[in-house]
Amino acid sequence: MPAPLQTTRRSRSRSLLVLSAALSSLALTAPVALAAPSPTPTPTPTPGATATSTATPSSSAGSSVTPTATPPANMSSVGGTRLAMAGTQVNLTAGVPVLPKDVTARSWIVSDAESGAVLAAHNAHWRLPPASTLKMLFADTVLPKFPKTTEHKVVASDLAGMGAGSSVVPIKEGESYTVHDLWLGVFLRSGNDAVHVLSHMNGGVDKTVADMNAHAQDLQALDTHVVTPDGYDEPGQVSSAYDLTLFARSGLQKKDFREYCSTVSTKFPGETTKKKGKSVRGTFEIRNTNRLLSGDSDVSVYPGIAGVKNGNTTNAGATFTGVAERNGKVLLVTVMNPEKDEHNEVYKEAAKILDWGFQADGKVQPVGELVAPKNVPQTSAQPGATATGEAGGDTAAKPSASSAASASEEDDGSSGVGIALAIVGGLLVLLAGGVFLVNRRWPLPELVRRRPRP
């Protein structure tokens, strides 16, 4: 065999080895979230189960929708293996501030809203009753379906089926409301009556619950199982601090969502009465029950707060997800069920965690990440929301068969290298796309920035 030909074949072999090694390296360093587990089919929940159930902890994430008394030994690894571990996860290296020691929540997480980096977490994937924070998923699912100017006259069936003691706006049968009114009732007063009216407009409670469960899967919120659209306590209704954060992050991409969750107070349509033979409809004020946004006797308005949603039920205790901005950094915090029984404790603990997050910004190494929805486009040079603030469809780039074939049809006996290049090139595109999908920035356009109030 002539020497030049031997040299050429050795060169091709070396090229294949180099490409193979590069591909192996990429596979080994691919983010954990690229292999996020599929949800395990869930059994029928035990009737009457509560957050203090003594059920045996699940041995695999997603295998039960019944909350446990202690965090399961193995939770979901969506977002990273550290997030599957029980207890507090944080990288306290030199220069990183110490976490506040008086945080008693069963579960919490603080993350960069735009990059998705999880700065610290505590039992992030523990499946617990979410209370009205579940309304963030309801809004993210249903809000895009109706123009805000659409009017709806409420009938008795719209308000049927609400749980006893539900929080209400109140919405009155026989009165007409715009969709804009109803969403303000959902976010400011956490009105289950407003949720039920919007659910009936969406085809009914059962359809809305199915839509919410499907949307949770699209968001890769695999800890969540929806039974009621309003977050009212029901056996088997669970979510997690991680999933609630995903709901907030997705919702905040929508302009209307940002407006509603950041509104402190507004005038709401009242009942129509007769005055001097004319129909007159009055108004009354409703105020946001998110105390970091509206303040209270023992809680100050949090600097830079811009939403999102709070909740409180017997089984869930107090729950809260908030978003705040400081010096161009936007953080999300979720706190579930503080053990400390003090007034407004969930807001106090959320504020302490946010303070730590802003202090640790740029110093702490993340322990995980917030995964992006399955349908987020990957082709944009500037990833994030569109001009209207809505998430887009699936436009992920895929290598075409024709391009792979043309790459393999190299002349001069180099088909082996061509095929290798085509295969490796295609896989590199897919791997790169996956990394881009998971680690993309999600800017929050027109984020409502709140200033400290007296």
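Just after helix α9, G362 takes a positive phi of about 85° in this predicted model. The helix that G362 follows has 16 residues and spans 23 Å from its first C-alpha to its last, which is close to the 22 Å expected at 1.5 Å a residue. Helix α9, running from 345 to 360, is also among the elements that each supply at least two residues to the lining of the largest pocket.

**Helix α9 and its surroundings**
- Helix α9 is mostly covered, with twelve of its 16 residues buried.
- The buried set comprises E345, V346, Y347, E349, A350, A351, I353, L354, W356, G357, F358 and A360.
- The cover over these buried residues includes the strands β2 (105–112), β3 (117–122), β8, β9 and β10, together with helix α8.

**The largest pocket**
- The largest pocket holds about 510 Å³ of space, and of the 29 residues that line it, G311, N312, T313, G317 and A318 are the closest to its centre.
- Besides α9, the strands β8 (305–313), β9 (317–326) and β10 (329–338) each supply at least two lining residues, and β8 provides the largest share, four residues.
- By residue class, the lining of the largest pocket divides into 16 polar, seven nonpolar and six charged residues.

**S294 in helix α8**
- S294 lies in helix α8, which covers residues 291–294, and S294 is buried, with a relative accessible area of 9%.
- A polar atom of the S294 side chain lies 2.8 Å from the backbone oxygen of N288.
- Leaving aside residues up to four places away in sequence, S294 touches V264, R287, N288 and V301.

**Cis peptide bonds**
- The peptide bond from V169 to P170 is cis, with omega near 15°, and P170 is placed in the loop between β4 (151–153) and β5 (176–178).
- A cis peptide bond also joins G307 and V308, where omega is about 20°; V308 belongs to strand β8, the strand that gives the largest share of the pocket lining.

**Positive phi outside glycine**
- A131, a residue other than glycine, has a positive phi near 55°; A131 sits in the loop between β3 and α2 (135–142) and counts as buried because its relative accessible area is 1%, against a cut-off of under 20%.
- S190, likewise not a glycine, has a positive phi of about 50°; S190 sits in the loop between α3 (179–188) and α4 (192–201) and is buried, with a relative accessible area of 6%.

Definitions and conventions
Residues numbered from 1 in each chain as written. Predicted model: local features only at pLDDT ≥ 70, side-chain atom pairs only at ≥ 80, totals over all residues. Heavy atoms only, no water. 1 Å grid on protein atoms, 1.4 Å probe; cavity = no way out; pocket = protein on both sides within 12 Å on 5 of 7 lines; lining within 4 Å. Points joined across faces, edges and corners; volume = space filled by probe spheres on them. Nonpolar A, V, L, I, M, F, W, Y, C, P; charged D, E, K, R; others polar. Buried < 20%, exposed > 50% of the residue type's maximum accessible area, 1.4 Å probe, protein only. Polar contact = N/O pair within 3.5 Å; in protein donor to acceptor, adjacent residues only side chain to side chain. Contact = heavy atoms within 4.5 Å. Expected span 1.5 Å × (residues − 1).
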